[in-house]
Amino acid sequence: MLGLIVPAVLNGLMSGAIYALVALGLTLIYGVLHIINFAHGSLLMLALYAVYFLHVLFGLDPYVALPFMVAGFFALGYALQRGVISTFSHGKDSNILLVTLALSIIIDNLALYFFTSNTRTVDLAYAFEMVEIGPAFIPLPRLIAFIAALIFAGLLWFVMTRTRTGKAIRAIAVEKRGAELMGINVKHAYAMCFGIGTACLAAAACLLLPTFYVTPQVGYAFVLVAFTTVVLGGMGSFVGALVGGLLLGVVEALCGLFLGETLGQIGIFAVFILTLLFRPAGLFSPRGAR
Amino acid sequence: MIKREHTGNVIVAVLLGVCALLPYFVLSAAWTGFAINILIFSLLALAWNITGGFGGMMSFGHAVLFGSSAYATAMLQLHLGLNAWLAGAVALAVGALVGGFIGALSFRYGLRGSYFALVTLAFAEVFRVLASSFTVTGGGQGLSLPLGRELANLQFASRLDNYTFVLILVLIALAITIAVRRSRFGAYLIAIRENEEAAKALGINTFRVKVLAMTLSGAMAGTAGVAYLQTFLFVDSQIGFGTVMSFEALLGPIIGGAGTVLGPILGSLVLHTLGEVARESIGGAPGLNLVFYGVVLLIILRFLPDGLMGIFKPRSRAQAKPEGK
Amino acid sequence: MSQYEKGSAHLTKAGTSRRRLMQVGGSALALSALGAPGLLRAQPKPIRIGAISPLTGALTYNGTQAQAGIRFAVDIINKAGGIKSMGGAPLEVIFADAESRPDVGAAQVDKLAEAGVACLIGAQSSAITLATTQAAARFGLPQVVDIGTAPQLLQRGLTNVFRFTPGVESSVGTGIGNLDSLNKAAGNPIKRVAIVHEDGPFGSGMAKMLNERLPGIGLEVVETISHPTPQRDFTNIVLRLRQAKPDLIMPSHYINEFILFARTIRQQRLQTKGIYSIFGGGASNIRFVREHNEAAQYIIDTNHWYDPRKELSKELAKRTADAKLDLTYDMMVSFGCMQIIAQALETAGSADREALTKTFTEHTFGDTIMPYGPTKFEKGNNAGAQLVNTQIRGENIELIYPKEFATAEPVFPMPARS
């Protein structure tokens with residue numbers, strides 16, 4: 001058992017990178033708009049299908065498709081927030097979550113109707129290429145996802161701190177009224193935020209599909225872990241999402257090793273609860289109010 | 001203004017009353033079964049309303065209270081051979097305890113708003129994992145009660161008996177809700193919802209009130225759990241602690257009108273009827289009826305942001321400009 | 001040879017279909033003119049059957065596949081003349097979605113009962129089936145259970161439950177027995193077994209039984225790993241397996257996990273002498289074979305499967321291919337169930353629930369597309385039902401055991417992979 005710890009940790013990091021990628025979008029949406037986005041899993045599923053069909057219909061490799069996916073889903077996210085979520089919820093918190101819930105029901109079942117429940121995977125030549133790191137064999141796509149997670153977290157941090165849009169978003173997260181008074185178009189900024197968050201999901205999907213599968217329910221497998229990552233890392237913090245995701249991947253792997261995979265899932269929720277109780281702001285204080 | 005709300009309450013109460021009596025005169029066994037489901041979910045909705053509606057403590061994991069009681073009563077009957085009524089009573093206490101425990105823990109550390117919501121979700125998940133990990137809780141297979149269709153076993157020979165039993169439970173829950181609404185405890189709860197800091201400043205022991213609310217909510221959700229188990233004679237970790245049940249708990253009140261007395265029941269009724277209608281009319285292709293359901297949900301949210309009971313809210317408040325998001 | 005039979009003989013060589021139709025029509029009219037009114041009464045009322053399956057929700061794949069199987073069966077039965085003992089009455093199936101939830105399933109039973117169905121077929125999962133059979137009992141409605149392995153199904157004293165396929169006891173027995181035969185025939189290369197299962201009702205029940213019975217055939221269980229559904233990553237599980245050095249891996253989970261597991265085994269280059277599953281999620285799924293061909297080779301499954309030699313089996317396979325659907329066991333089993341229902345209706349000569357229940361309880365049923373002997377329900381359990389072993393070879397799923405239905409010789413142990 002002990003000899004498995006190092007490979008388990010390494011694999012945990014790889015899994016964690018995926019959690020981080022999924023959580024990057026969520027932490028932005030949650031951190032700024034304070035929306036508990038129940039549609040996050042459904043949007044991930046949609047993105048996975050998009051990558052799948054781009055590959056199957058146009059022969060596009062998932063990595064090559066990434067920029068198109070990011071652009072397309074940014075637009076989708078922007079439109080959803082501006083057109084549906086804000087209008088339909090009238091800004092009431094409890095209604096926002098129901099709106100996202102209703103959206104997830106609609107998206108999930110439309111997907112079921114159009115795509116059917118068959119499990120789809122893509123078979124890529126390099127999916128079985130293994131990279132040897134210490135005692136572990138890491139599949140190449142997983143390693144790519146890990147590196148990508150680092151890059152994207154960095155990229156987002158840059159956008160948030162160095163660009164005008166990013167600063168506007170951060171301002172709104174801290175003090176909405178004040179930001180409005182300063183002339184920041186809050187509605188537009190919120191929509192940008194949601195758009196960026198959804199674009200992150202698109203990127204995550206491109207990196208996930210080579211080693212996973214897609215069905216209409218696939219989003220559920222990641223939603224709770226994503227929420228835990230966001231809470232652990234600190235809402236609104238990308239570095240937090242990255243570190244949180246990686247940490248959770250490792251916790252999951254080790255708990256799975258010692259408690260069995262079923263009971264081991266408790267590790268994630270225990271972390272969730274303990275973080276909420278003892279350090280609700282998360283590991284990295286967010287760039288905004290609690 | 002108040003008169004308008006009062007009229008609203010009367011209208012809805014009459015409407016619900018008529019619906020409640022339908023199974024005795026008109027409906028078939030199928031619809032009685034359907035009505036029983038609505039009542040069970042109404043119980044859960046009323047429970048959620050105490051904390052989420054009156055107290056503003058939105059919980060995403062109310063299934064944890066529901067499931068704890070369902071499992072408790074099942075285990076007591078199966079492993080200890082306890083009489084069903086006794087087991088049910090103990091199960092209610094279990095639900096109350098779990099509610100109190102989660103409340104105490106969360107509020108001790110000052111969790112509010114979405115943090116509280118998420119922690120309840122996390123607890124529900126923990127319980128779900130635990131329930132599927134051990135043999136005593138049935139592991140992956142869940143627990144099923146042997147058939148014993150007599151009242152002594154809290155099981156029912158006829159659908160109508162089953163319905164009557166759950167109806168009585170709902171009426172009791174309704175009475176409790178009204179009592180809370182009118183009591184000082186209820187006033188404190190609402191004060192906490194509106195502005196917790198101010199409430200504290202006024203000398204209200206907010207921690208105690210909130211934990212009590214969670215305890216009460218736990219007991220009420222527990223009745224839903226017991227009712228479910230005695231109706232279907234089966235529970236597993238997915239049913240007991242899964243997100244479906246947690247969402248049922250909050251959908252009814254929010255759609256019906258959180259913080260109102262009749263809202264949770266109205267909401268559950270409307271939502272489930274909607275689901276049925278959708279299933280009947282578009283049942284053909286799998287999933288389409290749920291798409292329809294989701295769309296109608298969106299429409300209700302768009303035009304009735306205060307829920308259905310919000311129709312009776314005085315104009316001026318209903319049209320107050322909300323925070324744009 | 002009567003005048004009309006001669007006429008028919010001509011028809012076989014008839015040119016255009018329209019001419020044929022007119023001639024047939026002419027004969028029919030002539031028959032009625034002869035005063036055989038009984039033959040041309042108004043079309044007999046269709047017999048309604050209620051089909052409950054999870055058409056949406058987590059189990060939607062199994063539910064929709066079963067639905068397709070039922071549709072094909074009904075079509076074939078009706079085209080062959082319907083239920084002859086009831087005047088050629090056609091079958092009409094009313095489908096109800098259990099939404100992968102037991103309470104919804106139970107509610108659907110009420111509606112179907114009131115729609116006047118003669119019997120039920122369903123419901124793809126033990127949890128849903130427990131609820132539906134209970135609800136059905138209130139109406140005296142018999143339910144033919146397509147797939148529901150949990151033992152509680154038949155232990156509640158209900159008299160309306162008739163399970164067509166083997167339960168978990170018998171299934172595990174078959175699986176182990178056949179494994180034993182395969183092992184002995186190959187000179188006992190397998191000594192150490194590792195079990196990987198999903199932690200739900202079917203996986204855990206399976207694992208428990210395997211742990212109890214494998215030692216009985218001389219095999220040692222060196223590792224039992226359970227995991228939830230969904231399981232996002234199997235790498236750590238595979239690493240634990242490698243450490244345990246099993247000769248044989250026995251998986252019990254659903255198709256998504258099966259895919260990930262098979263891929264991870266290949267990725268981590270875990271070599272074993274065989275992968276042998278009982279109710280493996282993907283091992284009997286042609287899509288899995290097509291899309292993960294390399295990882296799928298030589299995997300043996302013990303599962304529901306039809307007898308490929310039978311006429312109607314071939315018909316089913318053809319229709320499935322034409323409709324561009326996967327041919328899976330859910331389809332085969334539900335097809336077989338419809339055949340049983342049709343036979344029951346024929347024998348009972350009526351759609352009365354009590355009469356049907358009596359028929360299900362007492363009658364010995366004849367052939368279906370399943371590789372069973374005669375079907376006879378004893379306390380709800382089909383004594384003649386059995387699972388078979390399939391093996392993935394090339395692009396196909398071959399039936400390797402029992403011998404009398406086999407389409408290929410088993411390759412066991414698995415040859416070493418590059």
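**Notebook: hairpin, interfaces, domains and sheet**

I began in chain A, where the bridge partner of A:I133 in strand 2 of chain A is A:A136. I note at the outset that I am reading a predicted model.

**Entry 1. The hairpin of chain A**

I followed that bridge outwards and found that strand 1 (residues 130–133) and strand 2 of chain A pair in the antiparallel sense, with four bridges between them. The two strands form a hairpin with two residues between them. In that turn I looked up A:G134, which has a positive phi of about 60 degrees.

**Entry 2. Chain A against chain C**

I next asked how many residues of chain A are in contact with chain C, and how many of chain C with chain A. The count came to 27 residues of chain A and 28 residues of chain C. On the chain A side, at least two residues each come from helix 1 (5–33), helix 4 (93–115), strand 2 (136–139), helix 10 (238–259) and helix 11 (261–264), and strand 2 is the strand I had just followed in the hairpin. Helix 1 of chain A gives the most to this side, with four residues. By class, I wrote down 12 nonpolar, 13 polar and two charged residues for the side of chain A that touches chain C.

**Entry 3. Chain A against chain B**

I then turned to the other partner and found 40 residues of chain A in contact with 37 residues of chain B. The elements of chain A that each supply at least two residues to this side are helix 3 (62–89), helix 4, helix 8 (186–208), helix 9 (220–233), helix 11 and helix 12 (266–278). Which helix of chain A gives the largest share of the side that touches chain B? I found that helix 4 of chain A does, with 13 residues. The side of chain A that touches chain B divides into 27 nonpolar, 11 polar and two charged residues.

**Entry 4. The nonpolar core**

I looked up the largest nonpolar core, which has 351 residues, and those with the most contacts inside it are A:L21, A:A47, A:A205 and B:L43. Helix 1 of chain A gives the most to this core, with 18 residues. Why does the core lie between domain 1 and domain 2 of chain C? Both domains, domain 1 (47–165 + 309–385) and domain 2 (169–303 + 389–405), give residues to it, so the core lies between them.

I then took A:A205 by itself and, leaving aside residues up to four places away in sequence, found that it touches A:L44, A:A47, A:L48, A:V51 and A:M69. A:A47 is thus both a partner of A:A205 and, like A:A205, one of the residues with the most contacts inside the core.

**Entry 5. Chain C as a whole**

For chain C I counted 14 helices and 14 strands, and I found that buried residues make up 57% of its 418 residues. Among the contacts of chain C with a separation of 6 or more, 67% are between residues 24 or more positions apart.

Chain C is divided into domain 1 and domain 2, each assigned as two stretches of sequence: 47–165 + 309–385 for domain 1, and 169–303 + 389–405 for domain 2. Their centres, taken over C-alpha atoms, are separated by 29 Å. The contact between these domains takes 11 residues from domain 1 of chain C and 10 residues from domain 2 of chain C. On the domain 1 side, I recorded six nonpolar, three polar and two charged residues.

**Entry 6. The seven-stranded sheet of chain C**

I traced an open sheet of seven strands in chain C, in the order 7-6-8-9-10-13-14 and with mixed pairing. Strand 7 (220–227) and strand 14 (396–401) stand at the edges with a single partner strand each, so one side of each has no neighbour in the sheet. Neighbouring strands of this sheet are turned by 25 degrees against each other on average, direction ignored.

At one edge, strand 13 (residues 388–393) and strand 14 of chain C pair in the antiparallel sense over five bridges, and the bridge partner of C:R393 in strand 14 is C:N396.

At the other edge, strand 6 and strand 7 of chain C pair in the parallel sense over seven bridges, with C:A194 opposite C:E223 in strand 7. Strand 6 also runs parallel to strand 8 (residues 248–252) of chain C, joined to it by five bridges, and there C:V196 has C:P251 of strand 8 as its bridge partner.

Is strand 6 (residues 192–198) of chain C enclosed or exposed? I found six of its seven residues buried, so strand 6 is largely enclosed by the rest of the structure.

Methods. Residues are numbered from 1 along each chain as its sequence is written. Chains are lettered from A and ligands numbered from 1 in the order in which they are written. This is a predicted model: local features need pLDDT of at least 70, side-chain atom pairs count only at pLDDT 80 or more; totals for chains, interfaces and linings use all residues. Two residues are in contact if their C-beta atoms, placed from the backbone, lie within 7 Å. Ala, Val, Leu, Ile, Met, Phe, Trp, Tyr, Cys and Pro count as nonpolar, Asp, Glu, Lys and Arg as charged, and the others, Gly among them, as polar. A residue is buried if 20 or more other C-beta atoms lie within 10 Å of its own, exposed if 12 or fewer, and partly exposed in between; C-beta atoms are placed from the backbone. Domain bounds come from an automatic or database domain assignment. A nonpolar core is a set of buried Ala, Val, Leu, Ile, Met, Phe, Trp, Tyr and Cys residues joined through C-beta atoms within 7 Å. Two strands pair if DSSP finds at least two bridges between them. Axes are lines fitted to C-alpha atoms, for helices over the stretch in contact, and angles run from 0 to 180 degrees between N-to-C directions.
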